[in-house]
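Colleague: I'm new to this structure and would like a close look at a single part of it. Could you walk me through one helix and then show me how it sits among the rest?

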Amino acid sequence: MLFKQQALLRQKLFVLGSLVIGSVLYLVARVGTLDRLQPICPIESRFHPPEPEQIPLRTLQFKRGLLHESRKGNDTKEQIRLHNLVQQLPQAIIIGVRKGGTRALLEMLNLHPAVVKASQEIHFFDNDKNYARGIDWYRGKMPFSLPHQITIEKSPAYFITEEVPERIFKMNSSIKLLIIVREPTTRAVSDYTQVLEGKERKNKTYHKFENLAIDANTCEVNTKYKAVRTSIYTKHLERWLKYFPVEQFHIVDGDRLITDPLPELQLVERYLNLPSRISQYNLYFNATRGFYCLRFNIVFNKCLAGSKGRIHPEVDLSVLTKLQRFFHPFNQKFYQITGRTFNWP
C-alpha cells in the first residue's frame, strides 16, 4: 500500500514538473518576441500625444563613427552601400564673413549628430576654374553622410564675390545661408593681422594697418582696401537679396560666439530645424587659449587651431574711431535689413 502511494506521488510530481518546465519555455519564447511585437494601441499613447519622430542620439553617434571611417577612406564601396551613406550637396552654407568666426561656427555645429561638415573650404562658387568643373565635382568634395543628415560647407569668400549669389541660387534656390559677423572695425584689424602674419612667415615686410585703412591723400577711410570693404556688410548683403529673401539668411553674432557660444548655436539649431542636441557639456572654456573648446564625448575633445585668436597689433586710436564712424551708417542699415541689432559703436 505504501509503495503504491509513493509511486502515485512521484507520478504527480513528474506531471507538475513537466507543466512548470513547459510554462517556463513558453515565457522564454514570448520574451524573445517582445521586441518584435507591438501593441495595437499602446496605453501611453492614450494619454500622451505622439512626439514628432526624432533621430536617436546614440544611433547618430554610432553612425558618426561610420562616417569618420568613411572620411578616412577605410570603407569599401560595399560598406558604404550597406551603411546607406551618400555624398549630398550642402543643405546649408556658411557664406561669410572672413575673420567673423566661420571656422569656429562650422566646428561647433559639427557637435550636432545630425550635421556633417566639409572639412576644407571648397571654393566652388567663387573660383571660376572650380565652378567650370561642374556640380558633380562639387558633390564629390562633400563628406559621406546619411540621407537624413545635413551637410554644411563654409567658404567665407562667397559673401563678397559678385558671381556667387546667382550661382548658388541656380544650384538650390531654397538653401539655408549662414552669415557670421563681428564688429566691423575689429574684423578689419583681424583680417589685417592674418595677412601680416603670413607676410612675416615669408620674411616679407608689410604696411602698417593705419596706412592701408586711411587714404594718405584724402585722410579719409580707404574703401579700396579689401579689409575695409569686406566689413561693409550691408553692401554685400544687398547683392544677395536680389536672389534670396531675407528670411533665408541667419545672422550669427561672431563676438558672442567667442564669449558665450551656446545661445548662438541654439539659434542656429532652430533655424536649421534640428532637434536641440548641443549643450553646455559640449563646450568648455580653455583659460590657456582664451577660447571655448569642444567636447564630443568623454574621450574626444577638440580645440580650434592655434592660429585662431591672434594678438592684434596696436592701432592708432584716432584711426579706429574714424573707422567706427565710417561703418556706423552701414551698420544701422544692416540692422534694419536683417532685424538683428548689435552693440557696435
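Colleague: Let's start with a pair of residues: are Asp191 and Arg187 buried or exposed?

Modeller: Both of them are buried, Asp191 as well as Arg187. Before we go on, keep in mind that this is a predicted model.

The two residues belong to helix α9, where they sit four residues apart, about one turn of the helix. Their side chains meet in a salt bridge, with N and O 3.1 Å apart. For a residue to count as buried here, its relative accessible area has to be under 20%.

Now let's step back to the helix itself. α9 covers residues 184–201, which makes 18 residues. From its first C-alpha to its last it reaches 26 Å, close to the 26 Å expected at 1.5 Å a residue. At the N-terminal end, Glu183 acts as the cap: one of its side-chain oxygens lies 3.1 Å from the backbone nitrogen of Thr185. Past the other end, just after α9, you'll find Asn203 with a positive phi of about 60 degrees.

Asp191 and Arg187 have company in being buried. The buried residues of α9 also include Pro184, Thr185, Ala188, Val189, Ser190, Tyr192 and Thr193, and further along the helix come Leu196 and Gly198. What do they pack against? The buried residues of α9 have four helices as partners: α10 (209–213), α11 (226–230), α12 (233–240) and α15 (317–338).

There's a second salt bridge inside α9, this one between the side chains of Glu197 and Arg201, again 3.1 Å from N to O. Those two are also four residues apart in the helix, about one turn. Their surroundings are another matter, though. Glu197 has a relative accessible area of 27%, so it is classed as partly exposed. Arg201 has a relative accessibility of 62%, so it counts as exposed.

That's the helix, so let's look at what else the chain holds. Altogether it has 15 helices and ten strands, and 39% of its 345 residues count as buried. If you take the contacts with a separation of 6 or more, 72% of them are between residues 24 or more positions apart. The chain exposes about 20,500 Å², with carbon and sulfur atoms supplying 55% of that area.

Among the strands, β5 (residues 150–154) is a good one to look at. Five of its five residues are buried, so the strand is largely enclosed by the rest of the structure. Both of its faces are covered: Ile150, Ile152 and Lys154 are buried on one side, Thr151 and Glu153 on the other. Strand β2 (residues 92–96) runs parallel to β5 and is joined to it by three bridges; Ile94 has Lys154 as its bridge partner there. Strand β3 (residues 115–117) also runs parallel to β5, with three bridges between them, and here Val116 is partnered with Thr151.

Elsewhere there's an open sheet of three strands in the order β8-β9-β10, paired in the antiparallel sense. β8 (283–286) and β10 (301–302) are the edge strands, and each has a single partner, so one side of each is left without a neighbour in the sheet. Between β8 and β9 (residues 291–295) there are four bridges, and Tyr284 stands opposite Cys293 of β9.

Strand β10 brings us back to salt bridges, of which the chain has 13. One of them joins Glu107 and Lys302, whose closest N and O atoms are 2.9 Å apart. This pair links distant parts of the chain, since Glu107 is in helix α5 (residues 102–109), Lys302 is in strand β10, and 195 residues separate them. Glu107 is buried, at a relative accessible area of 5%, whereas Lys302 is partly exposed at 28%. The two don't stand alone either: Arg103, Glu107, Lys117 and Lys302 are linked in a network of salt bridges.

So, to return to where you started: Asp191 and Arg187 form their salt bridge with both residues buried, while at the Glu197 and Arg201 bridge one residue is partly exposed and the other is exposed.

Methods:
Residues are numbered from 1 along each chain as its sequence is written. This is a predicted model: local features need pLDDT of at least 70, side-chain atom pairs count only at pLDDT 80 or more; totals for chains, interfaces and linings use all residues. Side-chain values use heavy atoms; hydrogens and water are left out. Two strands pair if DSSP finds at least two bridges between them. The expected span of a helix is 1.5 Å times one less than its number of residues. Buried means under 20% relative accessible area, exposed over 50%, partly exposed in between (1.4 Å probe, protein chains only). Contact means heavy atoms within 4.5 Å. A polar contact is a pair of N or O atoms within 3.5 Å; within protein, one must be able to donate a hydrogen and the other to accept it, and residues adjacent in sequence count only if both atoms are side-chain atoms. A salt bridge is a side-chain nitrogen of Lys or Arg within 4 Å of a carboxyl oxygen of Asp or Glu. Accessible areas come from the Shrake-Rupley method with a 1.4 Å probe; for residues, only the protein chains shown count as cover.
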